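Please find below a colleague's note, set out as numbered points, to be read alongside the sequence and the model.

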Amino acid sequence: MEARGESRVHTGGQQIPISHYLHKVQGNTDVLLLKVLDPAPQTVTGDLYFEVHEEKREVYIVTHVDAHAWPAGQGAIRFGMNQAKRQQFADDQAFRGAYLGAVQNYAAIRQQIDHHGKTIPAAEEQQARAAMEAFTQMRALSVGDVVRVPTWTPHALQHGVRVVEFQTPTYERYIISFAQKVVTQDHWDSAHAIAHMHLDAPAAEQFEQVGPGIERIASFADFNVWRADLSACGGELTLPKQLPYAVCMSLAQSIQICGQEPTNPLELAAEEACFVPRAALAQLSIRGPHGQVLIAAPGL
């Protein structure tokens, strides 16, 4: 639990910690984590760590692309390595070595700036950063796109691209590089990460078709995630009644979550989410003439 404390829920005329509320409505069932990554819209300032994970698997769903940062409407994620650059080397060992050299050269510049307070000419910093980033690959992103991040795949969400993230319940990372001072640890993990990272281009996304307009975009041991297009579902979607709970989130348009009182639905605007306990699933329907909705639940 964070030192700042825990969110509280208004129920029965009192406020109780959210963990107590979830235990009350769910018993011993663990509830999944829905996390939003919302980088600043400024270039460099908003670009996240270029990192890999040994065990953790992540799934990003793009919910917003800042129009000022990306006037053409497509944002980006730094994702994997530049295959054309890779072909310029005799073998992968030489490629890894050259990339590590470029990263360590930039790391030395960051040390001078971040830890010794030295002023480095902007052109020198930018040139070293460009040389390092030339080894990596960028992937364009639009609202609704899904990015699955396998283990040991280098990735860094870019500025002005907001995503909802579902992840396995592990926290570990190896930082390859960062264009700012790292605040979560006192070092980079470049040598270890580059020695173990995957070099092949990430495979194209392929999702399991569950039903008309419904795709399973993530499958974990603890829960799965559907992405549903309401227009392809006839404007209404019901969920399996045996689920222990469900988390629903609207992507780009408003939707309605209808329960016992269909004339008084819960309105979810774009990027809003709700928690649906098991007791409410029997009479639940998700409605909207169009738009996409994410549903996450165990056994979905």
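1. Which residue lies over the face of Phe135? In this predicted model, the answer is Lys85, which is placed 4.8 Å from the ring centre. Phe135 also belongs to a cluster in which ring pairs link it with Phe89, Phe95 and Tyr99.

2. The count of aromatic pairs in the model comes to ten. Among them are Phe166 and Phe223, whose planes stand at 55 degrees with the ring centres 6.2 Å apart, so this pair is classed as tilted. Because Phe166 belongs to strand 10 (residues 161–167), while Phe223 sits in the loop between strand 13 (214–219) and strand 14 (224–229), the pair ties together parts that are 57 residues apart in sequence.

3. Phe223 also forms an aromatic pair with Phe220, and here the arrangement is edge-to-face, with 75 degrees between the planes and 5.1 Å from centre to centre. Phe166 and Phe223 are both buried; for Phe223 the relative accessible area is 4%. Phe220 counts as buried because its relative accessibility is 9%, and the cut-off for that class is under 20%.

4. On empty space within the protein, the count comes to one cavity of 30 Å³ or more, and the largest cavity holds about 150 Å³. Its lining is made up of 14 residues, with Leu48, Phe50, Arg78, Glu133 and Ser177 lying nearest the centre. By residue class, the lining of this largest cavity divides into eight nonpolar, three polar and three charged residues.

Note on methods
Residues numbered from 1 in each chain as written. Predicted model: local features only at pLDDT ≥ 70, side-chain atom pairs only at ≥ 80, totals over all residues. Heavy atoms only, no water. 1 Å grid on protein atoms, 1.4 Å probe; cavity = no way out; pocket = protein on both sides within 12 Å on 5 of 7 lines; lining within 4 Å. Points joined across faces, edges and corners; volume = space filled by probe spheres on them. Nonpolar A, V, L, I, M, F, W, Y, C, P; charged D, E, K, R; others polar. Phe/Tyr/Trp six-rings, centres within 6.5 Å; stacked < 30°, edge-to-face > 60°. Helix = DSSP H or I, 4+ residues; strand = E, 2+ residues; numbered from the N terminus. Buried < 20%, exposed > 50% of the residue type's maximum accessible area, 1.4 Å probe, protein only. Lys NZ or Arg CZ within 6 Å of the ring centre and 35° of its normal.
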